[in-house]
Each structure stands twice: as structure tokens, then as C-alpha cells.
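Welcome, and thanks for taking a look at this one with me. Below are some numbered notes to help you find your way around.

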Amino acid sequence: MTPRREPRLADATEIAAEHGLTPARISQFSTARTQNAAGTAFPEPVGKRGRARLWDHAEVTAWFAHRAPARLTEHTPPLLDPETLLNAADASRYLGYKNTNQVSTFVRDHPGYFPEPDVVEEMGTAESPYRRQLWKVATLKEWMATRPGRGRRAGTKPAPPLPDVPADGDPDELLGASQAAALLGYKSINSFSSALAQGNLPLLKTTDGIAANAGRQNGRRRWTRRRILQQAAQRSSGTRR
């Protein structure tokens, strides 16, 4: 039996630092039960550290991922060639985020929410390799116009449908986020991403592998079909372990 996860807890100061806000603003969100663009209220505190209130970090991150702050809707990105490549920090600035780690957070914690990089460069040495992910300005502009929480605009493309994934395939085959979302019965990869970030899929907290030699899929989390189906069984029975 997989033990229930122990959530990472964060206070208003930590949350504010991550999202370029003030602790007072985070407290206002909580007190007013401010809703994001998807109509979800700001998470309730789950504990205290001294006198400071604490929130489940994953729940707060998921809430912010579906929030469209006024400063972003009013942000005018600089004029750049659509083919210009930007790394995660530069992409965050281009999109109007004060936190230069915001794009990295989206990619790490919310699979499927942010577009996959257009280029993945293998860097470093054989002893210490790392990957640099790069996005085209055109990719970022398209995401700005269609990102979750903003609603559909006339002429924008709908999200691609989830793949048709057989449940009776190789149980040890490694599957990605869109395939996992399909097997779990979600209607979109964004719903799956939000559930994963909020800890509602505890068996998928641990991954079984990382995509390698897969072009733009490099570095993406993978789970075995067996693990995903076990999570699907728990989800259908309404149990969380």
C-alpha cells in the first residue's frame, strides 16, 4: 500500500515570493476566498507554523496556474521575431511574469498545461549532463492567446483531443501525461495536470521514468500502464491511499 503523501506546506511569505506578490496580497486572496479564472476559490489554510497560516503548496500552485492576473492580460510583450528562441527564464519575462522560474514551474509541476519546448539542447558534460529547453516566440504568443482560464477566443484552436490508449497493452510500457489522462478518464490534460498537482493522484506522485531521445518530449515524466491503471481503479472506487 502506497502511503498517503505528506504535502509540502508554505506560508504567505513563501507563496508571495514565488509569484511576485506581497504576503498581504496572499492573505487577501485567502480571506476573500478569491476565485481564479476557472471559478475555483483560493485554497483554505491547512495548518499553522507559530502564528503564520500554512497552505498546501501544490494546491496553491495549481490555483495560480489557472489565474489570469490583470497585469498579464495588460502585458504587452516586446516585439521579437516569431522564430526567436527563448529559454525558460526569458520566456517567463516575455510572458509578463515577475518570477523568472514561472515557466520552469509550469513545465515541472503541470504537465500539459504549458507548451512543450520547440528545441531541447543537450548541454554539459558526460559526467554532468543537462538539457536546455527553448521556446519560439510564436509558440509563446499562441499560448498567451489560448492559455487555460482565459476562455476560448474566436478563431483560436481547441485543445488537441486525448489519444485513444488501450488498457490491455503492455503493463510495463511507459506512458506520458496525455496517455495517463486518457486512461484515467479525464476530459483534458489540464484537468489531469491540476489533479496531479493537488495530490489527488497519489500513485502518480512517483514516476517510473523520464522520456529520453524523444525530441521535444525529452525530460517529460512517464508512468507504467500498470501504475496508471492502479490509480484509475482507486479513482473509480473513490479511495485515496
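1. A term to start with: a residue is called buried when its relative accessible area is under 20%. Keep in mind as you read that this is a predicted model. With that cut-off, the buried residues of helix 8, which spans residues 177–184, are A177, A180, A181, L183 and L184. Looking down the axis of helix 8, you will find these buried residues within an arc of 165 degrees, so they line one face of the helix. An α-helix has 3.6 residues a turn, so residues three or four places apart point the same way.

2. Stay at the end of that helix for a moment. Just after helix 8 comes G185, which takes a positive phi of about 85 degrees.

3. Now for the nonpolar cores. The largest of them has 17 residues, and those with the most contacts inside it are L95, V103, F114 and L140. Three helices each supply at least two residues of this core: helix 5 (88–95), helix 6 (102–109) and helix 7 (137–146). Which residues does L140 touch, not counting those up to four places away in sequence? They are L86, A91, Y94, L95, F114 and W135. Apart from this core lies another one, of 16 residues, and its members include A181, L184, L196 and A232. Two of these names, A181 and L184, have already come up among the buried residues of helix 8.

4. Helix 6 also holds a polar residue worth a look, Q102. Is Q102 buried or exposed? Its relative accessibility is 6%, so Q102 counts as buried. Leaving out residues up to four places away in sequence, Q102 touches E18, H19, S92 and Y97.

5. Next, the sheet. Three strands make up an open sheet in the order 1-3-2, with antiparallel pairing. Strand 1 (9–11) and strand 2 (47–49) are the edge strands, each pairing on one side only. From one strand to the next, the twist averages 45 degrees. Three bridges join strand 1 to strand 3 (residues 52–56) in the antiparallel sense. To see one such partnership, look at L9, whose bridge partner in strand 3 is D56.

6. What lies across the sheet strands? Helix 1 (residues 12–19) lies across strand 1, strand 2 and strand 3, and runs at about 85 degrees to strand 1.

7. Finally, the aromatic rings. The whole structure contains nine aromatic pairs. One of them, F29 with F42, is tilted, at 5.9 Å centre to centre with 40 degrees between the planes. This pair links distant parts of the chain, 13 residues apart: F29 is in helix 2 (residues 23–32), while F42 is in the loop between helix 2 and strand 2. F29 has a relative accessibility of 1%, so F29 counts as buried; F42, at 0%, is buried too.

8. F42 has another aromatic partner, F64. Their pair is edge-to-face, at 6.4 Å centre to centre and 85 degrees between the planes. F42 lies in the loop between helix 2 and strand 2 and F64 in helix 3 (residues 57–65), so this pair ties together parts 22 residues apart in sequence. Both F42 and F64 are buried. To round off the picture, F29, F42 and F64 belong to one aromatic cluster together with W55 and W63.

Conventions: Residues numbered from 1 in each chain as written. Predicted model: local features only at pLDDT ≥ 70, side-chain atom pairs only at ≥ 80, totals over all residues. Heavy atoms only, no water. Core = buried A, V, L, I, M, F, W, Y, C linked by side-chain atoms within 4.5 Å. Buried < 20%, exposed > 50% of the residue type's maximum accessible area, 1.4 Å probe, protein only. Helix = DSSP H or I, 4+ residues; strand = E, 2+ residues; numbered from the N terminus. Contact = heavy atoms within 4.5 Å. Pairing = 2+ DSSP bridges. Axes fitted to C-alpha atoms, helices over the stretch in contact; angles between N-to-C directions. Phe/Tyr/Trp six-rings, centres within 6.5 Å; stacked < 30°, edge-to-face > 60°. Arc of directions from axis to C-beta.
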